[in-house]
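Me: I am new to this structure. Can we go through some of the terms used for it, one at a time?

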Amino acid sequence: MAATTENLPQLKSAVDGLTDMSENERSGFINLVSRYLSGEAQHIEWSKIQTPTDEIVVPYEKMASVSEDVSETKNLLDKLVVLKLNGGLGTTMGCTGPKSVIEVRDGLTFLDLIVIQIENLNNKYGCKVPLVLMNSFNTHDDTQKIVEKYTNSNVDIHTFNQSKYPRVVADEFVPWPSKGKTDKDGWYPPGHGDVFPSLMNSGKLDAFLSQGKEYVFVANSDNLGAIVDLTILKHLIQNKNEYCMEVTPKTLADVKGGTLISYEGKVQLLEIAQVPDEHVNEFKSIEKFKIFNTNNLWVNLKAIKKLVEADALKMEIIPNPKEVDGVKVLQLETAAGAAIRFFDNAIGVNVPRSRFLPVKATSDLLLVQSDLYTLVDGFVTRNSARTNPSNPSIELGPEFKKVSNFLSRFKSIPSIVELDSVKVSGDVSFGSSVVLKGKVAVTAKSGVKLEIPDGAVVENKDINVPEDL
């Protein structure tokens, strides 16, 4: 039986009995559920979708660059807060604890690199750009311990928790914790759209406004390309843009990513879930929808305060049904990018692909640990020796899924500067100083162990048995 608004009073009284929730969380959750039950989803009329102009999605190269004047740069940075979304666990990569503490390169974690980057800015320009981490209840305790190691760094680190909402038992439409599921699995963090009310409710937003801060740069903690960009910040301040989403040209790997459209005179995010079935292939085409959302977002702090206070941020609800311990549950989530249509003078900026370098799997880890990148001052920079603008395609089998397994299968990370694609499956390990070029496939059949020897140069080859080497 589908839930209706008639289920709301029963749900509300159950939520009132949950002592683990704050008043803000209770009202936020009930608000979200009642919007979901009233079916207020925005219907997109496909014929009204327009491709945004260069005024709405500004090409990065058309933005005025920042002068070398140290005082101008300091003045810009004094208005900035950097916020990283730190609610995710490293479980998909076989790690416990927050994903941001996975070692990325040279023994440094995502969080180490972020702190080094901001510390370098603060040292160089004599400013105090703060770093804010939005944790979830899954990452809070571990993160509090981890940030202690940065006590002596020249970065003020703030943390706050995003909301904690109860999962809803699908068939009865009641909160799972009120049915006795009181451990962590009874709860969920409601997506990064929650960043705006949670930043406000934490008291941090008012504190930053009182210090003269104007903009927050929000990005995923696992996107190594999401570094502070003064050109974007200067443009937003000069043009009084309340919101800016960084987008970048789609490749075939990004066909499911949300895109920016002009719709009834406003810029807004179009996600694949909102697309009618008959238009999904069109949505995925690189010809019509050429850009996608990187989730690097720049937002005016006063505008966040105004919209949260007015309860105006009614982003599209993403229903996320799951089965946990054999029970079908529902989580309702929102995304921060969908908020773009509520802000005045909102724009996109079409940035180089280098600003989108997420590490979602060990195949991404292979890229950033290889000679394709170098590490300078906490920034991961692409090797100019690679002439192909795209990165190689890397597919690793399940034997490489966990970080520990991945690391144990490489004596050292191969050279991949001249690689187009590699596909590895089965019980395969790599010696030191291996070079991969062109198109390479290494497939170990069941029961066969393949070892690529030290110093091997493998170019345009399919390897299935040791004799192929």
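**Terms and the values behind them**

Reply: Gladly. This is a predicted model. A starting point is Arg 26, which is buried, with a relative accessible area of 11%.

Me: Why is Arg 26 called buried?

Reply: Buried means under 20% relative accessible area. Arg 26 has 11%, so Arg 26 is buried.

Me: Where does Arg 26 lie, and what is it in contact with?

Reply: Arg 26 lies in helix H2, residues 23-37. Leaving aside neighbours within four places in sequence, Arg 26 is in contact with Val 15, Asp 16, Leu 18, Thr 19 and Met 21.

Me: What makes the approach of Arg 26 to Met 21 a polar contact?

Reply: The side chain of Arg 26 reaches the backbone oxygen of Met 21 at 3.4 Å. The cut-off is 3.5 Å, so the distance fits.

Me: How do you know that Lys 181 and Asp 325 form a salt bridge?

Reply: Their closest N and O atoms are 2.8 Å apart. The rule asks for a Lys or Arg side-chain nitrogen within 4 Å of an Asp or Glu carboxyl oxygen, so the pair qualifies. The pair links distant parts of the chain, 144 residues apart. Lys 181 is in the loop between strands E10 and E11, and Asp 325 is in the loop between strands E17 and E18.

Me: Which of these two is buried and which is exposed?

Reply: Lys 181 has a relative accessible area of 15%; that is under 20%, so Lys 181 is buried. Asp 325 has 56%; that is over 50%, so Asp 325 is exposed.

Me: Why are Lys 179 and Glu 172 called partly exposed?

Reply: Partly exposed lies between the 20% and 50% cut-offs. Lys 179 has 46%, so the term fits. Glu 172 has 37%, so the term fits there too. Their side chains meet in a salt bridge, 2.8 Å from N to O.

Me: What makes Lys 288 and Glu 282 a salt bridge?

Reply: Their side chains meet at 2.9 Å, N to O. That is within 4 Å, so the pair counts. By this rule the count comes to 28 salt bridges.

Me: How do you know that strands E20 and E21 pair?

Reply: Pairing needs at least two bridges. Four bridges join E20 (residues 373-376) to E21 (residues 379-382), so the strands pair. They run antiparallel. Thr 374 stands opposite Thr 381 in E21. E20 and E21 form a hairpin with two residues between them. Asp 377, in the turn, has a positive phi of about 55°.

Terms used:
Residues are numbered from 1 along each chain as its sequence is written. This is a predicted model: local features need pLDDT of at least 70, side-chain atom pairs count only at pLDDT 80 or more; totals for chains, interfaces and linings use all residues. Side-chain values use heavy atoms; hydrogens and water are left out. Buried means under 20% relative accessible area, exposed over 50%, partly exposed in between (1.4 Å probe, protein chains only). A polar contact is a pair of N or O atoms within 3.5 Å; within protein, one must be able to donate a hydrogen and the other to accept it, and residues adjacent in sequence count only if both atoms are side-chain atoms. Contact means heavy atoms within 4.5 Å.
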